[in-house]
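Please find below a short note on the model, set out as numbered points. It begins with one residue and then turns to the chain as a whole.

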Amino acid sequence: MPTQVAFFVEVLAGGLLAGVMYALVALGFVLIYKASGVFNFAQGSMVFFAALTFVSLTERGWNFWLALAVTLVVMVVLGVVIERTVLRPLVNQPQITLFMATIGLTFVLEGLSQLIWGSQPHGLELGIADVPIDWLSQKLNINISQFDIFAAFVAGALVAVLAVFFQKTRIGRALRAVADDHQAALAVGIPLQHIWAIVWAVAGFVALVAGLMWGVRNGVQYALTFTALKALPVLLIGGFESIPGAIIGGLIIGATEKLAEVYVGPMFGGGIESWFAYVVALLFLLVRPEGLYGEKHIDRV
Amino acid sequence: MSAVIKPKTDPILSVINIEVIYDHVILVLKGVSLEVLDGQIVALLGANGAGKTTTLKAISNLLRAERGEVTKGMILYRGERIDRSSPAELVKRGICQVMEGRHCFQHLTVEENLLTGAYTRGYIASGVREELEKVYRYFPRLKERRHAQSGYTSGGEQQMTAIGRALMARPRMILLDEPSMGLAPQLVEEIFEIVRELNRKEGVSFLLAEQNTNIALRYADYGYILENGRVVMDGEGRELAENEDVKEFYLGFSSAGRRSFRDVKSYRRRKRWL
Ligand SMILES: Nc1ncnc2c1ncn2[C@@H]1O[C@H](COP(=O)(O)OP(=O)(O)OP(=O)(O)O)[C@@H](O)[C@H]1O
Ligand SMILES: [Mg+2]
């Protein structure tokens, strides 16, 4: 393959795979927003908390699977506790109040994580090295990290599990019903609070997966909480209520960000990767304010 | 008279002198009492803003979600107080509300909508399939449309979906709010026919709020007329339909337009105390 083309493919693939990682974080936001209309600013610190808990347990000599299982339980319990203590008392309050509450929650969670586990950064290994795949480098002269591929598979599996859960199970159907119409859900006897607790628990699970993937990539450290900010442009593009939107949005952001950094960046002297995503998102908003897959409110009576 | 007289039965629902306040200050129901006997269709009539929806929501306990509160009186279902029960408990015990404006889950298919109605019955185990088939027997149109997204079905189909969804919980009592709203007369007739059939064959009691007094009184065994948060008149369906005041004000036999009941001499206001 000519080097130019190979290089382009490499950048594009790298970008798309990075996009998968963004989508992982965005998913957590979408779940909670869809079901309860709350923009959970604390999703980033949940990612951090999950990764830190897992890595701290493994560093204390816990077996990988045991640590994973225990962290999962911790995240689920955390989700339920947040619903009980923060959101339930605020039910029927304006959205901005709930949003503020999640900002408060962000700092509490960050403080709590560091109080329990300390504040030093950790490296995280899942047994899959973040190195280029030999075969691709040699044959096609394209460098793609095998960990990126692994992360993409994990994300794919996660989405598949969520899709089955939402489409095929009684609870999943109830979740979608609640997302559509709270009042009607109450009227048919779906207890909103249970459903919200379940959503927060699922968001905790998603945060764990995202935390592990990001932890391997960047180390488990305070900066992980900023992944939330990476998810924001993804949500602007994909719509706050759509799981496919989060994925497509992630891919678009990841790809344009990397391509722009490489091909457009030099014109500005580089360093545009960190904010270019927002430019894309804002431009996108001008064209489609509801996002790519934003819920179209069906207006038939 | 050859009309079948239904045997006198126990009340399935008694609303006793309830007062409802929204947002802690807005007094909307000012002492409403009514009764539904087991197996009856009872109509709750009245103009816009009379308090029909509020009464139904007080019974199904959906008021709290709207910052409303029952501050006086009590509500009995089969003789037991239910004013503190959650909507989910009430559904489990057999009271279901079909809300004004249908409120179907727009992004769910018709069949998924129906299945959500069985939520309180636990994991898909016994009888849900049969129940679904039964709903499809009453509403064959829903069977044809079962894979359609609810938001894209017609108003009549949505009304049927909403009623069918309530039926999935195997209710003994359905609170039906404005089923005729925005539907063509023929369709309204069709829906009321099905309500009657459900009442006769399945033994479901109905409390239905309607602005369409004419049709409601043709199907109801008993009716209450609500005005400004008070019951101003009640009686057997046929009796109300023949009442001069009701004719004048609610059945549109008057040229003077709608005035208030208060202005009529023959109108005796009934205070209903416990
Ligand atoms: N959530 C609320 N907060 C404050 N006031 C309310 C609320 N809901 C209803 N009301 C008021 O209560 C009164 C009765 O309303 P309700 O909806 O019960 O009437 P209705 O008889 O069902 O009318 P319609 O035929 O228009 O449906 C109205 O004056 C209305 O403005
Ligand atoms: Mg009403």
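1. Leaving aside its neighbours within four places in sequence, which residues is B:K57 in contact with? The model is a predicted one. In it, B:K57 touches B:L62, B:L63, B:E66 and B:Q97 in chain B, and A:Q183 in chain A.

2. This lysine, B:K57, sits in helix α1 of chain B, which covers residues 52-60. Its relative accessibility is 9%. Since the cut-off for buried is under 20%, B:K57 counts as buried.

3. Turning to chain A, its secondary structure consists of 12 helices, with 0 strands. Read from the N terminus, the order of elements is therefore simply α-α-α-α-α-α-α-α-α-α-α-α. For overall size, the radius of gyration of chain A is 20 Å, and the globule rule gives 19 Å for 301 residues; the two values are close, so chain A is as compact as a globular protein of that length.

4. The C-alpha trace of chain A extends over about 65 × 55 × 35 Å along its principal axes. Of the contacts in chain A between residues at least 6 apart in sequence, 74% link residues at least 24 apart.

5. On burial and surface, 49% of the 301 residues of chain A count as buried. The accessible surface of chain A is about 13,300 Å², and carbon and sulfur atoms account for 69% of that area.

6. Chain A carries 15 positive and 17 negative charges, and the mean positions of the two sets lie 10 Å apart.

Conventions. Residues are numbered from 1 along each chain as its sequence is written. Chains are lettered from A and ligands numbered from 1 in the order in which they are written. This is a predicted model: local features need pLDDT of at least 70, side-chain atom pairs count only at pLDDT 80 or more; totals for chains, interfaces and linings use all residues. Side-chain values use heavy atoms; hydrogens and water are left out. Helices (H or I, at least four residues) and strands (E, at least two) are DSSP runs, numbered from the N terminus. The radius of gyration is taken over C-alpha atoms; the globule rule is 2.2 Å times the number of residues to the power 0.38. Buried means under 20% relative accessible area, exposed over 50%, partly exposed in between (1.4 Å probe, protein chains only). Contact means heavy atoms within 4.5 Å. Accessible areas come from the Shrake-Rupley method with a 1.4 Å probe; for residues, only the protein chains shown count as cover. Lys and Arg count as positive and Asp and Glu as negative; His and the chain ends are not counted. The place of a charge is taken as NZ of Lys, CZ of Arg, CG of Asp or CD of Glu.
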